[in-house]
Every structure is written in structure tokens, then in C-alpha cells.
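Trainee: Please give me a close look at a single part of this model, starting from one side chain and following it outward into its surroundings. I would like the terms explained as you go.

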Amino acid sequence: MMTLLRIALTPGEPAGIGPDLVVQLAQTQQAVELVAIADPQLLQQRAEQLGLPLTIRLFNSADPPKVSAASELCVLPVELAQPCTAGELNTDNARYVLATLDAAINGCMDNTFVAMVTAPVHKAVINNAGINFSGHTEYLADKTGTEQVVMMLATEGLRVALVTTHLPLQEVPKAINSARIETITRILHHDLQQHFGLKQPKITVLGLNPHAGEGGHMGSEEIDHIIPSMKKLTHEGMHLTGPLPADTAFTEKHLTQCDAVLAMYHDQGLPVLKYKGFGNAVNITLGLPIIRTSVDHGTALDLAGGGSADSGSLKTALSYAMSMAQHRLSTTVEH
């Protein structure tokens, strides 16, 4: 008999579409116990604004996991600092957003939850509140004491992980070094095995420069760092291909032969993935001691409370979290 999974869900920025998406998701019965970590009044108000039914059941960690009925939502209460109006940011509620994340992280760390799914936050309003915040990924790494994490986005038929994430383009070459490439690739390889059930993942590695450096005529990063790192990791038993130019790697011939693409920087790999699957893609943080998935879009303040927000990416994020948790549990049982 399969264990009923319990997954935490944080609605993110209260003035954005996160609460809308959570309410929409609650309209359909899920195959897990989904626990929204939020202010119950916020969710109830947003449901009324959207014209959707919602019955809130308060979470009790002592109770066994239970699947909520359609239009019912289990909620772990965290109170807003100030009432929220859809589409209107308020710096007073910045700490509320972080409090919901802390509750989800703590719950995952103590095994109350098997995974956490996050709706989008608004970085600027958190920073404007005087809190240094660069994003979910970095916050999760800090709170879990993880030295290095990896951002990977996935959609049907394509996974793209990044060696560097939110860096200005001029700083990327300085960040491409053998140690970083080897660390990122090892994390990617390990988590593809543990969370996706791939015994021998096939990873395509991109070059940094056009034509993957053209033998050193268009840049030396491939010769100095990428190729030596790939040789070392191949000797460790990894199945790596490349370095390939991005305009070659993202073709059907090569994508059908790999389980993931390792891109050197943000806008090298993610435009292709988002073109292929925007709205049905998921952002996954690899390397953490917990499972975290997220939507592939922002807070969309202009859509909040209007009923037109698309919950496709949140559904995908939940689906991936369920699958990853099941793989992780089965791997743990095997060992």
C-alpha cells in the first residue's frame, strides 16, 4: 500500500496570483494531502473574489495525512501583518512571505512534509522592506545549510540545469571554472538518480562560447575548464556528451539522446525551455536535503483576483514534487 504523501504549498506574494492559484488547485481533489501555509482569511477572501467555493480545514500535524475533498483546503495558519488587496504590494507583509517559507522548510526538515511547492514571491518588495533577499533558491540554501544548489527547469521532454544563475552576462566567464562545473554536474547527476529514477543519467554539456569556442578561436573556457572537467567526471563513471554549442544541442537529434542539458548561464538554456513549455514547466532546486519545486512564472500582480490566472505550472510543480518524493522514498527503502 502506497503511503499518502503530505506536501507543503506556499502561496508566495499575497498580492499576486499565488493565492488565486492555490484556491484554483483546491477545486480538484488531489492524490496527496496538500497543506497550504498561509493566512486562512487571505485565501477565503481571494476565493470569494474569484467566485469559487472554499472550505478551510486547519492543519494538525498529529493527525494522519488525509486527502481533502474538492473545494476543501488544509491550511497551516500564518497571519498577515496587514490586510492584503489583490495587485497592491505592501512591504509590511514581506516577513509574512518569509514566515510561510520558514514553516515549509522546517516541516520538510523534520519530515512533517515530504516536499514543498512554492508559488512566486516578489523579490523587490521583500528587499524594499529592508530584508536582503535574492530569491527562493538562495534562501532555501541558507536555511538548510546547503553550500551549493542547482537550478533546474523541466517540462515535458526537456530538463535544463544551470552552472550559473542570476549573474550579469559580463560576470559569467569568471564564474565558469572546473571546480564549479564538477560540483554542479555531480549534484545534477546524483539528483537525477535519486529523484527521477535514472540509474545512468545522460547529460549534455553546453559550451560557453559560440560553436563551443571553435577550438579556442572564439574563447578558451571550453579548453581551460569545461573539457577537463568533463574528462574527469567521465572517468568517475558519468555519461556526458559535449561540450556542444547551444544551437546544436537544442535539436531533436541531441535532445532525444539525453536526460538533461547543462547550460553555462541563465539565458543560454532557459529561453528554449520556456518556449517549449511555458505554463507547464517547473523550477526545481537540486542539491537540497529537501525536495522543492516551484512555478515557472512571476507574481503577475495585474492578474491577481481577476480569475484569469493559469494554474498549469503550479499543477506541474505539484506533480513533479509527488513523483520526486516517491522516487526518493523508494530509493531510501531500497537502501
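Mentor: A polar contact is a pair of N or O atoms within 3.5 Å, where, within protein, one atom must be able to donate a hydrogen and the other to accept it, and where residues adjacent in sequence count only if both atoms are side-chain atoms. This is a predicted model, in which local features need pLDDT of at least 70 and side-chain atom pairs count only at pLDDT 80 or more, while totals for chains, interfaces and linings use all residues. Residues are numbered from 1 along each chain as its sequence is written, and side-chain values use heavy atoms, with hydrogens and water left out.

The side chain to start from is that of E222, one of whose polar atoms lies 2.8 Å from the backbone nitrogen of N209. E222 belongs to helix α8, residues 221–235; helices (H or I, at least four residues) and strands (E, at least two) are DSSP runs, numbered from the N terminus. E222 is buried but takes part in no salt bridge, and K231, the nearest side chain of opposite charge, is 14 Å away. Buried means under 20% relative accessible area, exposed over 50%, and partly exposed in between, with a 1.4 Å probe and protein chains only. For charge, Lys and Arg count as positive and Asp and Glu as negative, while His and the chain ends are not counted. A salt bridge is a side-chain nitrogen of Lys or Arg within 4 Å of a carboxyl oxygen of Asp or Glu. Leaving aside residues up to four places away in sequence, E222 touches G207, L208, N209, A212, G213, I227, P228 and P243, contact being heavy atoms within 4.5 Å.

One of those neighbours leads to the sheet. P243 is a contact of E222, and the open sheet is formed by 12 strands in the order β3-β4-β2-β1-β5-β12-β11-β6-β7-β10-β8-β9, with mixed pairing. Its edge strands, each pairing on one side only, are β3 (55–58) and β9 (239–244); two strands pair if DSSP finds at least two bridges between them. Ignoring direction, neighbouring strands of this sheet are turned by 30 degrees against each other on average. Packed on the sheet is helix α5 (residues 136–144), which touches β5 (115–118), β6 (150–155), β11 (282–286) and β12 (292–294), and whose direction makes about 165 degrees with that of β12. Axes are lines fitted to C-alpha atoms, for helices over the stretch in contact, and angles run from 0 to 180 degrees between N-to-C directions.

Moving inward along the strand order, β8 (residues 202–206) and β10 (residues 260–263) run parallel and are joined by 3 bridges, with V205 having L262 as its bridge partner in β10. β10 is also joined to β7 by 3 bridges, again parallel, and there L162 stands opposite A263. Strand β7 (residues 158–162) is largely enclosed by the rest of the structure, because 5 of its 5 residues are buried; L158, V160 and L162 cover one side, and R159 and A161 the other. On its other pairing, β7 runs antiparallel to β6 over 4 bridges, with L153 opposite V160. The hairpin of β6 and β7 has 2 residues between the strands, and its G157 takes a positive phi near 85 degrees.

Although E222 forms no salt bridge, the structure holds 6 of them. Helix α8 contributes through K232, whose salt bridge with E182 has its closest N and O atoms 3.4 Å apart. Since K232 lies in helix α8 and E182 in helix α7 (residues 178–196), this pair ties together parts that are 50 residues apart in sequence. K232 is partly exposed, at a relative accessible area of 43%, whereas E182 is buried, at 11%. Elsewhere, R46 forms a salt bridge with D20, at 2.4 Å between the closest N and O atoms; R46 is in helix α2 (residues 40–50) and D20 in helix α1 (residues 18–25), 26 residues apart. Unlike the pair from helix α8, both R46 and D20 are buried.
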